[in-house]
Amino acid sequence: MSPADHSPFSEGGLLERIPAMVKPCYELGDIPPMGSVPEQMYASVIRPERYGPPVDAFEIERLPVPELGRGQILVLVMAAGINYNNVWSALGSPLDVIAARAKAGDLSGFHIGGSEGSGVVWAVGEGVRDVKVGSEVVLSGLQWDETAADIRLGADPVLSTTQAVWGYENNYGSFAQFTVVDEYQCHPKPANLTWEEAACFMLTGATAYRQLLGWPPHTVRPGDPVLIWGGAGGLGSMAIQIVRLYGGIPIAVISDESRAEHCMRLGAEGVINRKEFDHWGRLPDVLDDEAMARWTHGARTFGRRIWDILGERRSPRIVLEHSGQDTIPTSMYVCDSGGMVVICGGTSGYNADLDLRHLWMRQKRLQGSHYANSRECREVTELVGSGRLDPCLSWCGELADVGRAHQLMRDNVHPPGNMAVLVNAPHTGLRDLESTLAALTPA
Ligand SMILES: NC(=O)c1ccc[n+]([C@@H]2O[C@H](COP(=O)([O-])OP(=O)(O)OC[C@H]3O[C@@H](n4cnc5c(N)ncnc54)[C@H](OP(=O)(O)O)[C@@H]3O)[C@@H](O)[C@H]2O)c1
């Protein structure tokens, strides 16, 4: 089946699926007449009383379709991408997203996650200029107030005091039949992608893109070695490819040999299995000579593995970080003099130790990076649309699988690459998660 055949809006698809009357609520995959909005929708919902392991935190509920505001778009969601941020929402930690919104006056008491997705524009609010009902779109995940004073004065919207992640800090994400987004979040869906491919790459792809290309002068240059933690993860899979596209040499870290082939296929020069080392976590006290010597031995041996892969004694000019507490000391140690460690997350913890001597004596840079602006999102979409960047869809389930997919991510046993769920898109050729995982395990 070609990707175009997969669309319910391709020839012969939409008409058969449109029921004669508008109903108050539609079953998943049962599409209302174009542009008509039912009162209610199904969504995968988190409530405070379910905070805990993701597998138990999400439940499908029937809720009112959200209202449209000025400059906003109502999208009929076809597919939604799975990301780590809704592991945090499910746990209710480090941010209780529902309580945080309550403080700001939103007393809805529930959370609909999902910070990326693909779908069809179903209705547009007042003031929307460029997006039309019926357009097929890919959704980016950061929201801001376009009228904010800092943006009016020229700030990159990602740095605006008003920025917040849709489907994480803000409610009504893509794990629902309908979602509300701002107009600038809509990017044209590349026609060659299935709904699930279009739904799975934006968050990790654009975040990695900004990390690797958004912080001059530390942008990937031809020949630059780049160390990528979690090479088989969502960010890592996109980062390996972006580094190669820009002429750099990606070196991927993994925790299981079964992930090596995925990283090599995407273009990694080599992989390092972090399970062969044990110096992870916070730094020992600087006065504890014995512990410090043990730690330095671990970090040096890790660094030598990079040289072995490169075939010469060169250190990474850029280190792509997101694992945080466990790995920051090593990242800062192995990063080249004058190089940059660029970090967008802290999966293993937030108290990251830093031996300041490595920072100043070798004049390294530790740079925070968060998601991406509209230009970066559009550039990534075009790279994927033109076939130069593989969206790396590893598995696609259904809306009812949202909790299970996040649980696998939390347990770090998810398949390499990016995952998605179908919401309204037709359920064809899905492979269940167990058989996907079984196929990845070497016999
Ligand atoms: N700020 C932003 O805009 C933004 C955007 C995207 C993601 N993030 C954050 O970035 C992190 C990763 O996201 P992702 O989508 O890439 O998740 P992912 O698909 O789960 O991949 C992360 C990878 O990190 C590796 N990892 C896990 N624990 C580790 C540890 N203790 N030490 C070293 N490596 C470890 C794992 O690979 P191995 O076990 O094979 O090493 C895992 O596959 C999350 O914390 C997420 O919230 C932030």
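At what angle do α8 and helix α14 pack, and how far apart are their axes? In this predicted model, α8 and α14, the latter a helix of residues 374-385, pack at an angle of about 115°, and 9 Å separates their axes. Since angles of 65 to 115 degrees count as roughly perpendicular, α8 is therefore roughly perpendicular to α14. The handedness of this crossing is right-handed.

A second helix pair also involves α8. The axes of α8 and α9 come within 8 Å, crossing at roughly 50°. The two helices are therefore oblique to each other. Here too the handedness can be stated: α8 passes α9 in a right-handed crossing.

Both members of this second pair reappear at the ligand. At least two residues of the surrounding shell come from each of α8 (202-213), α9 (234-245) and β12 (249-254). In total, 31 residues surround the ligand, and the closest are Gly230, Gly233, Gly234, Ser255 and Gly345. By residue class, the shell comprises 17 polar, 10 nonpolar and four charged residues. Glycine is counted among the polar residues in this division. Two domains take part in the shell: domain 1 (3-200 + 391-440) and domain 2 (205-368) each contribute at least three residues.

It is helpful to set these elements beside the database annotation. In an unreviewed entry, UniProt lists residues 52-421 as "domain: Enoyl reductase (ER)". Within the model, the C-alpha atoms at the two ends of residues 52-421 are 21 Å apart. Helix accounts for 31% of this span and strand for 21%.

Turning to the backbone, several loops hold features worth a look. A cis peptide bond links Ser93 to Pro94, with omega at about 5°. Pro94 sits in the loop that runs between α4 (85-91) and α5 (97-103). Another cis peptide bond joins Pro216 and Pro217, and its omega is about 5°. Pro217 belongs to the loop between α8 and β11 (225-228), which brings the description back to the helix that also supplies residues to the shell around the ligand.

The loop between β16 (365-368) and α14 contains Tyr371. The phi angle of Tyr371 is near 35°, a positive value in a residue other than glycine. This loop adjoins the helix with which the account opened, α14, whose packing against α8 is at an angle of about 115°.

Conventions: Residues numbered from 1 in each chain as written. Predicted model: local features only at pLDDT ≥ 70, side-chain atom pairs only at ≥ 80, totals over all residues. UniProt positions renumbered as here; feature names shortened; annotations may be inferred. Helix = DSSP H or I, 4+ residues; strand = E, 2+ residues; numbered from the N terminus. Near = placed C-beta within 6 Å. Domains from an automatic or database assignment. Axes fitted to C-alpha atoms, helices over the stretch in contact; angles between N-to-C directions. Parallel < 35°, antiparallel > 145°, perpendicular 65-115°, else oblique. Left-handed = near helix turned anticlockwise from the far one by under 90°.
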